[in-house]
Amino acid sequence: MEFLPNALSEYCTQHSDAESPILQKIARETHLKVLMPRMLSGHLQGRVLSMISKMIQPKNILEIGTYTGYSAICLAEGLPENGKITTIDINAELEERVRGYFEEAGITKKVNYLIGDATQIIPDLNQVFGLVFIDADKKNNATYFDLLIDKMQTGGYILVDNVLWSGKVVEEKPNNDTELIIQFNKKIQKDERVENVLMPIRDGIMLIRKR
């Protein structure tokens with residue numbers, strides 16, 4: 001997932017704002033106690049999410065794929081006083097841990113944390129979103145986008161993670177999982193309702209703006 005040499009990656013991290021104590025705690029405990037810790041956004045990507053959220057200052061944020069709550073806390077840093085982040089995850093086993101992290105971060109009142117299948121939950125959401133972060137099962141990226149585009153405010157942003165798929169998107173013979181990522185990237189590139197830029201941050205973030 002890392003494309004820069006380790007020394008350059010570390011240099012970027014050292015010259016970005018530090019993680020808060022709660023984010024450091026989440027990162028440490030995720031690597032020690034939770035399966036698949038590579039799913040964590042991590043320091044540099046977390047600061048990017050925070051910065052984008054602060055730039056946009058959205059009233060409503062949606063996140064698909066909570067995992068251990070790291071990215072949700074980063075995104076929430078850009079919410080105004082009356083703002084709200086809805087975050088959806090299918091894994092109920094992490095719920096108690098994540099709610100504890102949200103409480104420790106002081107954002108419980110700003111978070112609507114939902115457990116279940118996002119494809120079933122999204123149609124029932126009645127908010128208009130200014131910022132969305134998609135970081136869940138990659139096979140449904142296109143489905144999530146189609147469900148959300150009409151729920152986005154004009155000028156709103158969608159961020160989609162892992163769109164470089166560890167660099168496999170440029171392999172000559174991509175496997176089925178990689179082909180899904182490739183087709184999603186092509187879909188966004190051709191959609192005239194949006195403008196987009198693919199940023200080579202960590203495993204690739206597609207930044208999409210609704211026209």
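Strand β5 is mostly covered in this structure, with seven of its 10 residues buried. The model is a predicted one, and β5 makes a handy place to start looking at it. On one side, strand β4 (residues 129-134) pairs with β5 in the parallel sense, over five bridges. Within that pairing, F133 has L159 of β5 as its bridge partner.

Stepping back, β5 belongs to an open sheet of seven strands, laid out in the order β3-β2-β1-β4-β5-β7-β6 with mixed pairing. The edges are taken by β3 (111-115) and β6 (194-199); each has a single partner strand, so one side of each is left without a neighbour in the sheet. From one strand to the next, the twist averages 15°. Elsewhere in the sheet, strands β1 (residues 60-64) and β2 (residues 84-89) run parallel and are joined by five bridges. Here E63 stands opposite T87 in β2.

Helices pack onto the sheet as well. Helix α5 (residues 95-105) lies across β2 and β3, and its direction makes an angle of about 175° with β3. Helix α8 (residues 176-190) lies across three strands, namely β5 (152-161), β6 and β7 (205-210), and runs at about 140° to β6. Both edge strands thus turn up in these contacts, β3 with α5 and β6 with α8.

Between β5 and α8 comes a loop with a couple of backbone oddities. N162 lies in this loop, and its phi is near 65°, a positive value in a residue other than glycine. With a relative accessible area of 8%, N162 is buried, since the cut-off for that class is under 20%. S166 is placed in the loop between β5 and α8 too. Its phi is near 55°, again positive in a residue other than glycine. S166, however, counts as partly exposed, at 34% relative accessibility.

Now to the charges. Side chains of opposite charge can pair when their charged atoms come close. In this model the count comes to nine salt bridges. One of them brings together the side chains of R97 and E29, at 3.5 Å from N to O. R97 lies in helix α5 and E29 in helix α2, so this pair ties together parts that are 68 residues apart in sequence. The two partners fall into separate accessibility classes: R97 counts as partly exposed at 26% relative accessibility, whereas E29 counts as buried at 16%.

Another salt bridge is formed by the side chains of R47 and E77, with an N to O distance of 3.0 Å. This pair also links distant parts of the chain, with R47 in helix α3 (residues 43-56) and E77 in the loop between α4 (70-76) and β2, 30 residues apart. R47 counts as buried, at 13% relative accessibility, while E77 is partly exposed, with a relative accessible area of 30%. The pair does not stand alone, as R47, K54 and E77 are linked in a network of salt bridges. A further salt bridge joins the side chains of D135 and K138, at 3.0 Å from N to O. In that case both D135 and K138 are buried.

Helix α2, the home of E29, spans residues 21-33 and has K33 in it. K33 is exposed, with a relative accessible area of 55%, because the exposed class takes in values over 50%. K33 and A105 are 72 residues apart in sequence, and their C-alpha atoms are 19 Å apart in space.

That leaves the surface towards the start of the chain. There, L4, L8 and Y11 make a nonpolar surface patch of about 300 Å². Y11 is found in helix α1 (residues 6-14), and at 48% relative accessibility this tyrosine counts as partly exposed.

Methods: Residues numbered from 1 in each chain as written. Predicted model: local features only at pLDDT ≥ 70, side-chain atom pairs only at ≥ 80, totals over all residues. Heavy atoms only, no water. Patch = residues over 30% accessible without salt bridge, like charges linked within 9 Å, V, L, I, M, F, W, Y side chains within 5 Å. Areas by Shrake-Rupley, 256 points an atom, 1.4 Å probe, with all protein chains shown as cover. Salt bridge = Lys/Arg side-chain N within 4 Å of Asp/Glu carboxyl O. Helix = DSSP H or I, 4+ residues; strand = E, 2+ residues; numbered from the N terminus. Buried < 20%, exposed > 50% of the residue type's maximum accessible area, 1.4 Å probe, protein only. Pairing = 2+ DSSP bridges. Axes fitted to C-alpha atoms, helices over the stretch in contact; angles between N-to-C directions. Contact = heavy atoms within 4.5 Å.
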